[in-house]
Structure formats: structure tokens, C-alpha cells
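These are my notebook entries on one structure. I set down what I looked up, entry by entry.

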Amino acid sequence: MAKKVSFFVFWLVQASALLVFFVPFTWPLVALWAVSHFLRAMGLTLSFHRYYAHRSFQMNRVARFIWTFIGVAAMQKGPLWWAGHHVNHHRFADREGDPHSPMVSGVYYAHIGWFLNDAKHDRIEATNPVIRDFSKVPEIAFLDRYFFLPPLMLAVTMFAIGGWPWLVWGFCLPTMTLAHSTFAINTVNHMFGSRRFDTIDESRNNPITAIFAVGEGWHNNHHRYQRSARNGFYWWEFDPTWYAIRTMQAVGLAWNVQPVPERIYAEAKATRERRAKKNDAVSVTEVVPIGLELAEDAE
Ligand SMILES: [Zn+2]
Ligand SMILES: [Zn+2]
């Protein structure tokens with residue numbers, strides 16, 4: 001029953017994004033979409049992903065509650081459910097047991113199917129580190145259980161302030177775009193992009209998903225070294241979540257912020273150099289076409 005309700009609500013909100021064609025278009029409303037999309041995206045990446053799943057930093061309890069609340073407002077279920085599944089994603093990365101791998105389950109299931117009706121991997125063991133450590137914290141357990149409250153509050157607030165235009169631009173449309181921005185990390189980032197590191201999974205770096213998922217698009221970096229609070233390993237890899245964590249650290253709201261170790265940078269450099277050498281070798285064999293020489297000898 002609960003599954004049927006969440007299935008219905010999910011598709012209702014997805015379809016409601018189409019209402020954008022029936023309400024006015026103004027630049028302030030586009031700005032409202034951007035705030036609602038990007039702020040909640042950061043709630044997800046900063047708290048659900050980099051804090052609960054990877055513990056890449058510690059943060060103040062009030063700050064944690066606020067970021068978690070914002071993350072839950074994204075309408076992607078609760079922090080324990082989300083981060084618990086994510087731990088399993090890394091554990092099995094693109095092998096049997098990965099809750100959402102396009103290689104194992106196909107693109108639709110990896111993108112949406114697993115989220116709606118995870119018949120295969122919907123159990124998160126009590127030994128899962130996320131459940132083990134965070135389910136005892138009352139405010140987090142509450143948000144995980146009543147995960148539908150923050151998005152409902154957001155929708156009601158939008159409607160109360162600005163009627164249909166605010167509901168559509170501030171809730172319906174950004175909730176849809178945010179769902180696909182997050183899901184794209186599981187699909188697009190395991191199919192399209194570059195691989196700085198030769199990880200055993202199919203993870204890739206993709207600058208476009210990095211924009212819409214506020215820094216999560218540097219996914220090959222992240223699969224290589226999950227513990228770092230930054231997913232963009234270099235200054236030119238746009239990672240707004242990392243800038244937010246750094247800002248929190250500067251004002252004392254975050255600490256134990258995990259860096260990218262020197263050995264990982266050294267590995268990136270070594271891989272780059274090895275590939276460059278390999279490419280040179282390929283071009284040498286192209287200059288001397290062995291097959292052609294043999295053909296001439298035969299004449
Ligand atoms: Zn991944
Ligand atoms: Zn991760």
C-alpha cells in the first residue's frame with residue numbers, strides 16, 4: 001500500500017512539472033526554480049552523500065539538522081534510506097548487489113525503477129554503518145521516518161506565498177529536475193564521461209552533471225577516493241558542495257574535513273603519463289603499417 005502511494009505521488013509530481021506551460025514565465029520565477037533546485041541539491045550532496053554515507057567531515061548538530069531537512073525536502077526519501085543504499089552502491093559498484101547499476105539492471109531500473117520499487121535490494125542490513133550509527137539520533141530518525149513532511153511543507157508554503165506560479169516554479173518543476181539530476185549520477189555518470197582513474201567500476205567524470213548536482217559529477221574521482229569531502233579534485237572542477245563545506249569549516253561549523261591524499265594525486269599523474277606513453281606507442285605502429293609491408297613482400 002505504502003509503495004503504491006509513493007509510486008503514485010512520484011509520478012504525480014513528475015507530471016506536475018508540465019504545469020510550467022500553464023503558469024506565467026518571468027525571470028524572478030526562474031530564479032525561484034534555481035534556488036529550490038540548487039539549495040535542495042546541496043542538502044542532498046552535503047548531508048545525505050558526503051556526510052551520512054561517506055563521513056568526509058563532521059558538523060555541528062544544528063547545522064546537520066538544517067542541511068538534512070533541506071535534503072529531505074528534495075523528496076528522495078529519508079537520509080538513512082538514501083545513504084544506506086549509497087553505501088551498498090560503492091560496496092558492489094557495477095556488480096551484482098549494486099542497487100542501481102545500468103550495467104547490472106539496465107538504464108530505466110538504474111535511473112528510476114530502483115528508487116520506486118526496489119524489489120531486488122530494498123533491504124539495508126542493520127550492520128550498514130549508516131543505520132548502525134545514525135538511526136539512534138532522534139531528530140535524524142524522525143526525518144527518516146516522516147520523510148514526506150519537509151516536501152509537503154515546501155509545497156504548502158510555496159502555494160501560500162504565491163499561488164500556482166510559486167507552487168509550480170518553486171516545487172513541481174525543481175523537484176522533477178532535481179530527481180533526474182541525482183539519478184543521472186547513477187546512470188549518466190556510469191556511462192558517459194572521462195575516466196581519470198582506472199577504477200574497477202564504470203564511473204566517469206562529467207562536467208554537465210557536476211553543474212546540476214552541485215559537484216557530484218566528478219564521479220570517477222569519487223569512486224577512486226570516497227572519503228574526500230571534495231569530489232572535484234582540482235580547482236577547475238566545479239564543486240559548490242565543497243565550497244560550502246569549506247565555508248562551514250572556516251566559521252567553525254564543520255571540522256575533520258577529509259582532503260584528497262597526495263598519493264591519489266600522484267596516481268592521477270602516473271595514470272596520465274602512462275596513457276600518454278601508450279598513445280605514442282600506438283602512433284608508432286601506425287607509421288609502420290606491418291600488414292602493408294607483408295603484402296608487398298608477397299608480390
Ligand atoms: Zn557511482
Ligand atoms: Zn558516494
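**Entry 1. Domains.** I begin with a term: domain bounds come from an automatic or database domain assignment. With that assignment, I find the chain divided into domain 1 (2–260) and domain 2 (263–299). I note that this is a predicted model, in which local features need pLDDT of at least 70, side-chain atom pairs count only at pLDDT 80 or more, and totals for chains, interfaces and linings use all residues. Residues are numbered from 1 along each chain as its sequence is written, while chains are lettered from A and ligands numbered from 1 in the order in which they are written.

I looked up how the two domains are placed. The centres of domain 1 and domain 2, taken over C-alpha atoms, are 41 Å apart. I then looked up contacts, where two residues are in contact if their C-beta atoms, placed from the backbone, lie within 7 Å. Six residues of domain 1 touch five residues of domain 2 in this sense. On the domain 1 side, I count three nonpolar, no polar and three charged residues. For these classes, Ala, Val, Leu, Ile, Met, Phe, Trp, Tyr, Cys and Pro count as nonpolar, Asp, Glu, Lys and Arg as charged, and the others, Gly among them, as polar.

**Entry 2. The whole chain.** I find 14 helices and two strands in the chain. Helices (H or I, at least four residues) and strands (E, at least two) are DSSP runs, numbered from the N terminus. Along the principal axes, the C-alpha atoms fill a box of roughly 85 × 45 × 40 Å. I looked up burial next: a residue is buried if 20 or more other C-beta atoms lie within 10 Å of its own, exposed if 12 or fewer, and partly exposed in between, with C-beta atoms placed from the backbone. Of the 299 residues, 39% count as buried. Among contacts with a separation of 6 or more, 65% join residues 24 or more positions apart.

**Entry 3. Two helices set side by side.** I examined α1 (residues 2–16) and α4 (residues 79–92) in turn. How many residues of α1 are buried? The count is zero among its 15 residues, and I record α1 as hardly covered. α4, by contrast, is mostly covered, with 11 of its 14 residues buried. The buried residues of α4 include Trp81, Trp82, His85 and His86. Their cover includes α2 (27–53), α3, α7 (129–134) and α8.

I also checked helix lengths. The expected span of a helix is 1.5 Å times one less than its number of residues. For α4 the expected span is 20 Å, and its end C-alpha atoms are 20 Å apart, which agrees. For α1 the expected span is 21 Å, and the distance between its end C-alpha atoms is 21 Å, which also agrees.

**Entry 4. α4 against α8.** At what angle do α4 and α8 pack? The angle is about 90°, and the axes of α4 and α8 (residues 138–145) are 7 Å apart. Axes are lines fitted to C-alpha atoms, for helices over the stretch in contact, and angles run from 0 to 180 degrees between N-to-C directions. I therefore record α4 as roughly perpendicular to α8. Angles under 35 degrees count as roughly parallel, over 145 as roughly antiparallel, 65 to 115 as roughly perpendicular and the rest as oblique. Pro79, Leu80 and Trp81 of α4 meet Ile140, Leu143 and Asp144 of α8. By class, this contact has five nonpolar, no polar and one charged residues.

Phe69, in helix α3 (residues 61–72), also reaches Leu143. Beyond its neighbours within four places in sequence, Phe69 is in contact with Leu143 and Pro150. I count Phe69 as partly exposed, because 17 C-beta neighbours lie inside 10 Å.

**Entry 5. Positive phi.** Most residues other than glycine have a negative phi. I found that Asp94, just after α4, takes a positive phi of about 65°. Asp94 lies in the loop between α4 and α5 (102–105), and it is buried, with 20 other C-beta atoms within 10 Å. Val214 has a positive phi of about 35° although it is not a glycine. Val214 sits in the loop between α10 (207–212) and α11 (219–224), and it is buried, with 26 C-beta neighbours inside 10 Å.

**Entry 6. A distant pair in sequence.** Is Asp198 buried or exposed? Asp198 counts as exposed, because it has 11 C-beta neighbours inside 10 Å. It lies in the loop between α9 (149–186) and α10. Asp198 and Thr271 are 73 residues apart in sequence and 8.0 Å apart in space, C-alpha to C-alpha.
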